[in-house]
Amino acid sequence: MPIKILSVDDEMDLELLLTQYFRRKIRKGEYEFSFAHNGLEALTMLLKNKDYDIILSDINMPEMDGLTLLTKINEMQNPALKCIMVSAYGDMGNIRQAMNNGAFDFATKPIDLDDLSVTIEKAIEQIKYIRAMEKEHVQLESLKGDLAVAHEIQQAILPRIFPPFPELADKVEIAATMTAAKDVGGDFYDFFKIDDERIGFIIADVSGKGIPAAIFMAVSRTLIRATALHDVSPSECMTYSNKLLAKESVNCMFVTVFYGILNTTTGEFTYCNAGHNPPYIIKENGEIKAFPMPTQPIVGIVDEYDFEEEKMQLNEGDALVLFTDGVTEAMNPAFEEFGEPRFEETLRKASSADCQAIIDATKEDLAAFVGEAEQSDDITMLALRRKRG
């Protein structure tokens with residue numbers, strides 16, 4: 001596209017002078033000149049055609065002078081439209097005022113066309129830069145909109161209705177939350193009924209942040225859930241999911257996973273911990289105890305691995321608290337981590353509360369500890385309590 005230049009001057013011979021000097025660029029389609037003979041005529045042309053790039057305007061003209069025209073151009077708020085003002089060499093007061101009012105540059109009469117050509121080239125470079133920045137801004141705004149939609153989609157695929165199983169409300173209580181560090185995150189939780197007595201629940205943390213982690217999170221969550229709903233054991237679920245995710249992993253992405261199955265009638269709890277943070281069990285008497293550290297690998301790295309599972313008894317009144325490392329590794333402005341001891345103290349204080357209250361208490365203590373520090377990782381929790389019959 002040619003650079004469109006509007007020359008505004010009441011001296012008729014300037015039109016011939018400019019078209020003759022820039023004839024090669026005009027013939028090549030690099031420049032396109034239009035001409036007005038006073039500020040009012042120029043303003044009318046600008047309102048009809050808003051695609052001018054450069055205004056080359058005399059200051060002293062009838063009907064509307066160049067300084068008034070410059071003021072009207074500024075009101076259009078088009079940063080890519082550059083004004084080069086022209087006046088007599090002795091008219092430095094008006095030239096100075098024009099520069100103070102936002103003119104890009106100036107030229108003095110009689111016009112040195114070689115110097116004017118350089119000035120126009122400088123203006124073109126500024127115009128290109130501004131337009132590139134405007135294009136990037138539009139792209140960023142579009143990306144922000146896409147991320148907002150992605151955030152809503154990601155939140156929608158996580159269970160958000162509590163209590164989730166009204167028919168089991170007298171046997172088990174569940175609450176969960178996921179707060180992404182960015183627009184979208186890599187953590188996820190899930191829970192589902194396997195049959196009338198058993199429920200499965202998962203918490204996981206994908207490596208990395210942002211969009212790549214969110215995509216891998218969606219794939220991992222879908223695959224693990226679909227596998228688990230085939231009524232396989234936690235170890236079988238992790239073994240099969242790991243085999244598939246390891247083959248599909250890009251840039252060595254992986255996910256830590258804790259998957260458990262609870263029989264809500266007997267309290268039998270079977271679980272597989274694939275490299276995830278050990279959950280806590282809160283005994284009915286208020287005792288807080290962490291699960292053993294995981295000895296099995298994370299999911300998505302080694303495709304040929306047979307995961308193993310553990311069993312324990314969850315007594316009536318006992319609660320499980322699953323979390324990602326965004327909780328314990330949250331930092332305050334002094335770069336101190338929240339850590340396990342503080343988390344355990346929070347759980348101890350909230351041990352007799354319901355599951356949602358346990359999560360809310362943890363959020364409150366985290367917020368008080370972190371203060372104004374920026375959230376650096378996704379924060380996800382799932383709390384489950386076997387109710388007393």
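1. The element that contributes most to the lining of the largest pocket is helix 6, with 6 residues. The model under review is predicted, and the pocket in question has a volume of about 260 Å³. Its lining comprises 19 residues, of which M1, P2, I3, D53 and R131 are the closest to the pocket centre. Two or more lining residues come from each of strand 1 and helix 6 (113-157). By character, the lining divides into 8 nonpolar residues, 1 polar residue and 10 charged residues.

2. Enclosed space should be considered separately. The search of the whole structure returns 2 cavities of 30 Å³ or more. The largest cavity has a volume of about 50 Å³, and its lining is made up of S7, V8, D9, E11, M12, L14, E15, F35, A36 and H37. Strand 1 (3-8), helix 1 (13-21) and strand 2 (31-36) are the elements that each give two or more residues to this lining. Of the lining residues, 5 are nonpolar, 2 are polar and 3 are charged.

3. The second largest cavity has a volume of about 30 Å³. It is lined by P163, P164, F165, A169, V172, E173 and I174. This lining holds 6 nonpolar residues and 1 charged residue, with no polar residue.

4. The aromatic residues merit a point of their own, since the structure holds 21 aromatic pairs. In one of them, F258 and Y271, the ring centres are 5.2 Å apart and the planes meet at 20°, so the pair is stacked. F258 belongs to strand 9 (residues 255-263) and Y271 to strand 10 (residues 268-274); the pair thus links distant parts of the chain, 13 residues apart. F258 counts as buried because its relative accessibility is 0%. Y271, at 10% relative accessibility, is likewise counted as buried.

5. A further aromatic pair is formed by F269 and F291, in an edge-to-face arrangement with 6.3 Å from centre to centre and 80° between the planes. Because F269 lies in strand 10 and F291 in the loop between strand 12 and strand 13, this pair ties together parts that are 22 residues apart in sequence. Both F269 and F291 are buried.

6. Aromatic residues are also grouped elsewhere. Y21, F22, Y31, F33 and F35 form one aromatic cluster. F35 is also among the residues that line the largest cavity.

7. I298 is placed in the loop between strand 12 (288-290) and strand 13 (310-313). Its relative accessibility is 22%, and it therefore counts as partly exposed, the limit for a buried residue being under 20%. Leaving aside neighbours within four places in sequence, the contacts of I298 are with N242, F254, V255, T256, A274, G275 and F307. The C-alpha atom of I298 is separated by 72 Å from that of E41, a residue 257 positions away along the chain.

8. The final point concerns T346, which is in helix 10 (residues 339-349). T346 counts as buried because its relative accessibility is 3%. Its side chain makes a polar contact with the side chain of D365, at 2.6 Å. When residues up to four places away in sequence are not counted, T346 touches F338, A361, T362 and D365. D365 therefore appears both as a touching residue and as the polar partner of the T346 side chain, given that touching requires heavy atoms within 4.5 Å and a polar contact requires N or O atoms within 3.5 Å.

Note on methods:
Residues are numbered from 1 along each chain as its sequence is written. This is a predicted model: local features need pLDDT of at least 70, side-chain atom pairs count only at pLDDT 80 or more; totals for chains, interfaces and linings use all residues. Side-chain values use heavy atoms; hydrogens and water are left out. On a 1 Å grid over the protein atoms alone, a cavity is a set of points where a 1.4 Å probe fits but cannot get out, and a pocket is an open set with protein on both sides within 12 Å along at least five of seven lines; lining residues have an atom within 4 Å of a point. Grid points are joined across faces, edges and corners, and a volume is the space filled by probe spheres set on the points. Helices (H or I, at least four residues) and strands (E, at least two) are DSSP runs, numbered from the N terminus. Ala, Val, Leu, Ile, Met, Phe, Trp, Tyr, Cys and Pro count as nonpolar, Asp, Glu, Lys and Arg as charged, and the others, Gly among them, as polar. Buried means under 20% relative accessible area, exposed over 50%, partly exposed in between (1.4 Å probe, protein chains only). A polar contact is a pair of N or O atoms within 3.5 Å; within protein, one must be able to donate a hydrogen and the other to accept it, and residues adjacent in sequence count only if both atoms are side-chain atoms. Rings of Phe, Tyr and Trp (its six-membered ring) pair if their centres lie within 6.5 Å; planes under 30 degrees apart count as stacked, over 60 as edge-to-face and the rest as tilted.
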